[in-house]
Amino acid sequence: MIASTVSAGGTFLLLGPVRGLASDALAIAPALDGFAPEAIGAGVAAEELHGLVEYFVDAPAEPVVPLTPVELSEVRGLCRFGEVRVPNPAFLEALAWGGARGVAVSSLDPNEEESADLFTEHIGYVELVRRTVREHRLGRSPPKPSSADAFALSWDRSVAGGRGSRRLAAARDDHLATQAHRLAQGRRRVAVVVDRERFASVRDRLGGASGPAATR
């Protein structure tokens, strides 16, 4: 897991676990213990966060999680580096940590309606076709880098490397940073958990890291 502190009014602890990797998820609680945040922000939509709480945190048994062919290919590619869990266990760990200590976990990403509007604004027909082609290509032949960290970055570049996709990602990260700063109002320490591939963009938008990032 990659991590950095960002000073912008208060102090943010930004955590960038590789999506799905169990070992990165297990690093969430110790990082939060050391930082002792007054609030936690998660890089997911409100509807997804609600679903994680309802079906995985508060439920007596976890439901079966269906995967698309592309998601299944991502899991297969990533499992070379360790156990992989779905849904993203990093957010479940953050929810468990916050629930045990009375620290609220808030969604920072656009909700489903806002996300649909952003997608329509930035992804035209040609980019949509190209994204679909790239996803099918990845499904047949996922990247084979030497580390989970490199895998996450390579996967994202392969799927979302088009100009429209980059604009969409930037707009989503702008929204996240704005919500994170709102969450930080009146608080000294706020933790933010995002997927690894979003780490650098979110860090820059939060205001710049106060020190070097720590990686595995």
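Colleague: Where is Pro87 found?

Modeller: This is a predicted model, in which local features need pLDDT of at least 70, side-chain atom pairs count only at pLDDT 80 or more, and totals for chains, interfaces and linings use all residues. Residues are numbered from 1 along each chain as its sequence is written, and side-chain values use heavy atoms, with hydrogens and water left out. Helices (H or I, at least four residues) and strands (E, at least two) are DSSP runs, numbered from the N terminus. With those names in hand, Pro87 is found in the loop between helix H4 (69–78) and H5.

Colleague: Is the peptide bond from Val86 to Pro87 cis or trans, and what is its omega?

Modeller: We are still in the loop between H4 and H5. The bond from Val86 to Pro87 is cis, and its omega is near -5°.

Colleague: At what angle do H2 and H5 pack, and does H2 count as parallel or oblique to H5?

Modeller: Axes are lines fitted to C-alpha atoms, for helices over the stretch in contact (heavy atoms within 4.5 Å), and angles run from 0 to 180 degrees between N-to-C directions. The two axes are 9 Å apart, at an angle of about 40°. Angles under 35 degrees count as roughly parallel, over 145 as roughly antiparallel, 65 to 115 as roughly perpendicular and the rest as oblique. That is why, at about 40°, H2 is classed relative to H5 as oblique.

Colleague: Which residues in H5 do Ile28, Ala29, Leu32 and Asp33 meet?

Modeller: Those four residues belong to H2, the helix at residues 28–35. Their partners in H5 are Ala90, Glu93, Ala94, Trp97 and Arg101.

Colleague: Is Ala36 buried, partly exposed or exposed?

Modeller: Ala36 lies in the loop between H2 and E3, and its phi is near 55°, a positive value in a residue other than glycine. Buried means under 20% relative accessible area and exposed over 50%, with partly exposed in between (1.4 Å probe, protein chains only). Its relative accessibility is 36%, so Ala36 counts as partly exposed.

Colleague: What is the order of the strands in the open sheet?

Modeller: Two strands pair if DSSP finds at least two bridges between them. The sheet has five strands and mixed pairing, in the order E1-E2-E5-E3-E4.

Colleague: Which are the edge strands?

Modeller: An edge strand here pairs on one side only. That description fits E1 (2–8) and E4 (105–107).

Colleague: Which residue is in the turn of the hairpin that E1 and E2 form?

Modeller: E1 and E2 (residues 10–16) are antiparallel partners over seven bridges, and among the matched pairs is Thr5 with Leu13. One residue separates the two strands, and its phi is positive, about 85°. That residue is Gly9.

Colleague: Which residue in E5 is the bridge partner of Ala42?

Modeller: Ala42 sits in E3, where Ala39 and Gly41 on one side and Ile40 and Ala42 on the other are all buried. On the E4 side, Ala42 stands opposite Ser107. E3 also pairs with E5, in the parallel sense over four bridges. There the bridge partner of Ala42 is Val193.

Colleague: How far does H8 reach from its first C-alpha to its last?

Modeller: H8 spans residues 148–159, and among its buried residues are Phe151 and Trp155. The expected span is 1.5 Å times one less than the number of residues, which for the 12 residues of H8 comes to 16 Å. Close to that expectation, H8 reaches 17 Å.
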